[in-house]
Amino acid sequence: MPHRSSSSSRGRVRIARGASPWLLPTVATAAVSLAGARRSGKARAVAVPVTALAAGMLWFFRDPEREVAQGRVISPADGVVQSVMPWKDGRTRVAIFMSPLNVHVNRAPLAGTVTSVEHVPGGFVPAFNKESEHNERVVWHFDTELGDIEMVQIAGTVARRIVPYLPEGTKVEQGERIGLIRFGSRVDVYLPEGVEAAVEVGQKTTAGVTRLDRD
């Protein structure tokens, strides 16, 4: 996969991998209801909300092309920085909250090799809640030029399905798509010891674009 998106593809938007189980039935139902709307008032009543839902699904599962930014560590998620917290082992955890209106595709914060992808069962409390640290999640580890980098995809109340795109052992480019969290959720990145965070609480982030570390 190319490291940087070409200027000709920059404006393109595709549908995220892993969206089909939710998207296809909704779009199919909308198509059927629209086809029957000409003949039945009941079908017309159904067509309006179902079509609106299908349009919403298309928006939720959009996967736009991105011009990947320069920087040692870039944001893996679209959203808002929820916390920047020093960790006991010297690392700094940057937690990014993703609302249902954000793009749900996550990207590799650094180039490297996926050394592990671990699914951890758990609950489904709101992703902005402190207890969400015990939610269902997928824990990623990357072997990078900065050493081991940990990234955690956390499911929320609505986002009950995390879809990793890559298996252990895969080499990734910085900004490459690595997985999908359906609907709202949270993504944590652990900056290694000695790497200072360049973002602050409340700051908006864009996956593949916003730099998380400071020189």
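Begin by selecting Val 105 and Leu 180: in this predicted model, Leu 180 in strand E11 is the bridge partner of Val 105. Keep both residues displayed and widen the selection to strand E5, residues 105–107, which runs antiparallel to E11 and is joined to it by 3 bridges.

**The sheet around E11**

Now select E11 itself, residues 177–181, and colour it by accessibility; the strand is mostly covered, with 5 of its 5 residues buried. On to strand E9, residues 162–164, which pairs with E11 in the antiparallel sense, again over 3 bridges. Two places let you follow this pairing residue by residue: Ile 162 stands opposite Ile 181 in E11, and Pro 164 stands opposite Gly 179 in E11.

With E5, E11 and E9 shown together, you have an open sheet of 3 strands, whose order is E5-E11-E9 and whose pairing is antiparallel. E5 and E9 are its edge strands, each of them pairing on one side only. If you draw the strand axes, neighbouring strands of this sheet are turned against each other by 25° on average, with direction ignored.

**The sheet of 8 strands**

Zoom out for the next stop, an open sheet of 8 strands in the order E10-E6-E7-E8-E12-E4-E3-E14, also with antiparallel pairing. Strand E10 (171–172) and strand E14 (204–205) stand at the edges with a single partner strand each, so one side of each has no neighbour in the sheet. Inside that order, select strand E8, residues 147–155, together with E12: the two pair in the antiparallel sense over 6 bridges, and Gln 153 stands opposite Val 187 in E12.

**Aromatic pairs**

Hide everything but the aromatic side chains, and look for the 2 aromatic pairs that the structure holds. In one of them, the ring centres of Trp 87 and Tyr 190 are 5.5 Å apart and the planes meet at 75°, so the pair is edge-to-face. Trp 87 lies in the loop between strand E3 (79–86) and strand E4 (92–98), while Tyr 190 belongs to strand E12 (residues 185–191), so the contact ties together parts that are 103 residues apart in sequence. The two partners are covered to unlike degrees: Trp 87 counts as partly exposed at 29% relative accessibility, whereas Tyr 190 is buried, with a relative accessible area of 8%.

Select Trp 140 and Phe 142 for the other arrangement, a stacked aromatic pair with 5.9 Å from centre to centre and 5° between the planes. Both Trp 140 and Phe 142 are buried.

**The nonpolar cores**

Trp 140 and Phe 142 also lead into the largest nonpolar core, which has 33 residues; they are among those with the most contacts inside it, along with Val 94, Met 151, Ile 178 and Leu 191. The elements that give two or more residues to this core are E4, strand E7 (137–144), E8, E9, E11 and E12. Stay with Leu 191 and display its surroundings: leaving aside neighbours within four places in sequence, Leu 191 is in contact with Val 73, Arg 91, Thr 92, Val 94, Glu 196, Ala 197 and Leu 212. A second, separate core has 5 residues, and these include Val 120, Val 152, Ile 154 and Tyr 190; the last of these is the residue that you met in the edge-to-face pair with Trp 87.

**Ser 75**

Centre the view next on Ser 75, in the loop between strand E2 (62–64) and E3. Is Ser 75 buried or exposed? Ser 75 is buried, with a relative accessible area of 0%. Its side chain reaches the backbone oxygen of Ala 77 at 2.7 Å. Not counting residues up to four places away in sequence, Ser 75 touches Ile 96, Thr 205, Thr 206, Ala 207, Gly 208, Thr 210 and Leu 212. Leu 212 is thus worth keeping on display, as a residue that is in contact with Leu 191 and with Ser 75.

**Back to the whole chain**

Finally, clear the selections and show the entire protein chain, which has 2 helices and 15 strands. Of its 215 residues, 49% count as buried. Among contacts with a separation of 6 or more, 70% come from residues 24 or more positions apart.

Key:
Residues are numbered from 1 along each chain as its sequence is written. This is a predicted model: local features need pLDDT of at least 70, side-chain atom pairs count only at pLDDT 80 or more; totals for chains, interfaces and linings use all residues. Side-chain values use heavy atoms; hydrogens and water are left out. Buried means under 20% relative accessible area, exposed over 50%, partly exposed in between (1.4 Å probe, protein chains only). Helices (H or I, at least four residues) and strands (E, at least two) are DSSP runs, numbered from the N terminus. Two strands pair if DSSP finds at least two bridges between them. Axes are lines fitted to C-alpha atoms, for helices over the stretch in contact, and angles run from 0 to 180 degrees between N-to-C directions. Rings of Phe, Tyr and Trp (its six-membered ring) pair if their centres lie within 6.5 Å; planes under 30 degrees apart count as stacked, over 60 as edge-to-face and the rest as tilted. A polar contact is a pair of N or O atoms within 3.5 Å; within protein, one must be able to donate a hydrogen and the other to accept it, and residues adjacent in sequence count only if both atoms are side-chain atoms. Contact means heavy atoms within 4.5 Å. A nonpolar core is a set of buried Ala, Val, Leu, Ile, Met, Phe, Trp, Tyr and Cys residues joined through side-chain atoms within 4.5 Å.
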